[in-house]
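Grab a coffee and work through these exercises with the model open beside you. Try each task before reading its solution.

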Amino acid sequence: MQDAFLVLDLQSIEAQLGSRELCRNTTNEVWLEIGSTNTRALELARVEGRTDFFVAARQQVAGRGRLGRKWETPRDAGIAFSLLIKPDFDTQQLSLITMAAGVAVARAIEAVLGFKPGLKWVNDVVYNGRKLAGILAEMNGPALVIGIGINLRFDDVELPDDLSQKIEWLERIVGVPVDPNILVANLIKQLEICIDELAKGNQAAITSAWKVYSVTLGKDVEATAGNLTLSGRAVDIDRDGALLIQDAQGEQHRLHAGEISLRMADGSYC
Ligand code: BTN
């Protein structure tokens, strides 16, 4: 029986990869159901020594988010995608890699669906204050996995109240069915462009592209990193992807990791 909507499909993605190198001439995977695409990709890199491939899934049952959180990918409601590479650039600053992936996601969405999402430091892709996609970059030895979860269609998914106020999905925004394969193929192209910039040592290309989509800079924020909490204005990002926050006393703080909430016009935080 044919699916009533467009679903992730390996052949369809690979047919659209064109002449670029990343993820070509390699074994990619699309799963109906998996624990976590990040875990699977890291395992393949460790056991088989492979690189430059992707693992995607229509459903994750043990999806992982940042800071040890869970990431929900109910069947065909989201896109779970992990790209595995063995980079020859500096991977000390995972925040810059996360931002590069954010730029790639934002560009792919804009190119394929025609609207401009926002980037919230450090790993959130948002729309109208709600989370549309998240990024989890992880290292294991020489292997770097860039895991991306994109909310596609959550209309039929029962969400707990706290989550339903916080998330957004592509089909609700554009109002028509979205082909996840076109989006993923474009995402691979955009990731390749961003990875090439990092390999050339051109961090500025990433930080300036990130600023084009930023919904962070210029906003009042509350930041947490471990036990540290901090309030102030997000004023800039540095070349490594750290967020510069200026507190009420005018002192600047550099945040390399952690997360922030943005103060909205009505005084609430998201
Ligand atoms: C976050 O916002 O906390 C990051 C979420 C990252 C989720 C993606 S889905 C594909 C990949 N596999 C995982 O287990 N996690 C990432």
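**Exercise 1. Work out how much area domain 1 and domain 2 bury between them, and which residues of domain 1 lose the most.**

Step 1. Domain 1 and domain 2 bury about 1,200 Å² between them, with 55% of it on carbon and sulfur atoms. Buried area here is the accessible area (1.4 Å probe) that two parts lose on being put together, summed over both. In domain 1, the residues that lose the most area to domain 2 are Gln-93, Lys-120 and Trp-121, together 46% of what that side buries.

Step 2. Check the ground rules. This is a predicted model, where local features need pLDDT of at least 70, side-chain atom pairs count only at pLDDT 80 or more, and totals for chains, interfaces and linings use all residues. Residues are numbered from 1 along each chain as its sequence is written, and side-chain values use heavy atoms, with hydrogens and water left out.

Step 3. Find the bounds. Domain 1 covers 4-213 and domain 2 covers 220-262; such bounds come from an automatic or database domain assignment. Taken over C-alpha atoms, the two domain centres are 25 Å apart.

Step 4. Look at who touches whom. Contact (heavy atoms within 4.5 Å) involves 14 residues of domain 1 and 16 residues of domain 2.

**Exercise 2. Describe the polar side of this interface, then the make-up of the face that domain 1 offers to domain 2.**

Step 1. Between domain 1 and domain 2 there are 2 salt bridges. A salt bridge means a side-chain nitrogen of Lys or Arg within 4 Å of a carboxyl oxygen of Asp or Glu.

Step 2. Add the polar contacts: 6 residue pairs across the interface of domain 1 and domain 2 fit the rule, both residues at pLDDT 80 or more. The rule asks for a pair of N or O atoms within 3.5 Å; within protein, one must be able to donate a hydrogen and the other to accept it, and residues adjacent in sequence count only if both atoms are side-chain atoms.

Step 3. Now the elements. On the side of domain 1 that touches domain 2, helix 3 (94-113) and helix 7 are the elements that give two or more residues. Helix 7 provides the largest share, 4 residues. Helices here are DSSP runs of H or I, at least four residues, and strands are runs of E, at least two, numbered from the N terminus.

Step 4. Sort that side by chemistry: 6 nonpolar, 4 polar and 4 charged residues. Nonpolar covers Ala, Val, Leu, Ile, Met, Phe, Trp, Tyr, Cys and Pro; charged covers Asp, Glu, Lys and Arg; the others, Gly among them, are polar.

**Exercise 3. Pick out salt bridges that link distant parts of the chain, and say how exposed the partners are.**

Step 1. The structure holds 15 salt bridges. One of them pairs Arg-64 with Glu-138, the closest N and O atoms being 2.6 Å apart. Arg-64 is in the loop between strand 2 and strand 3, while Glu-138 is in strand 6 (residues 130-140), 74 residues apart.

Step 2. Use these classes of relative accessible area: buried is under 20%, exposed is over 50%, and partly exposed is in between (1.4 Å probe, protein chains only). Arg-64 comes out partly exposed at 32%, whereas Glu-138 is buried at 18%.

Step 3. Glu-259 and Arg-69 meet in another salt bridge (2.5 Å, N to O). Glu-259 lies in strand 12 (residues 259-262) and Arg-69 in the loop between strand 2 and strand 3, so this pair ties together parts 190 residues apart in sequence. Glu-259, at 26%, is partly exposed, and Arg-69, at 44%, is partly exposed.

**Exercise 4. Where do Thr-73 and Leu-67 sit, and is each one buried or exposed?**

Step 1. Thr-73 is in the loop between strand 2 (53-57) and strand 3 (78-85). Thr-73 counts as buried because its relative accessibility is 2%. Leaving out residues up to four places away in sequence, its contacts are Arg-58, Gln-59, Gln-60, Gly-78, Ile-79 and Ala-80.

Step 2. Leu-67 is found in the loop between strand 2 and strand 3. With a relative accessible area of 52%, Leu-67 is exposed. Leu-67 has a positive phi of about 55° although it is not a glycine.
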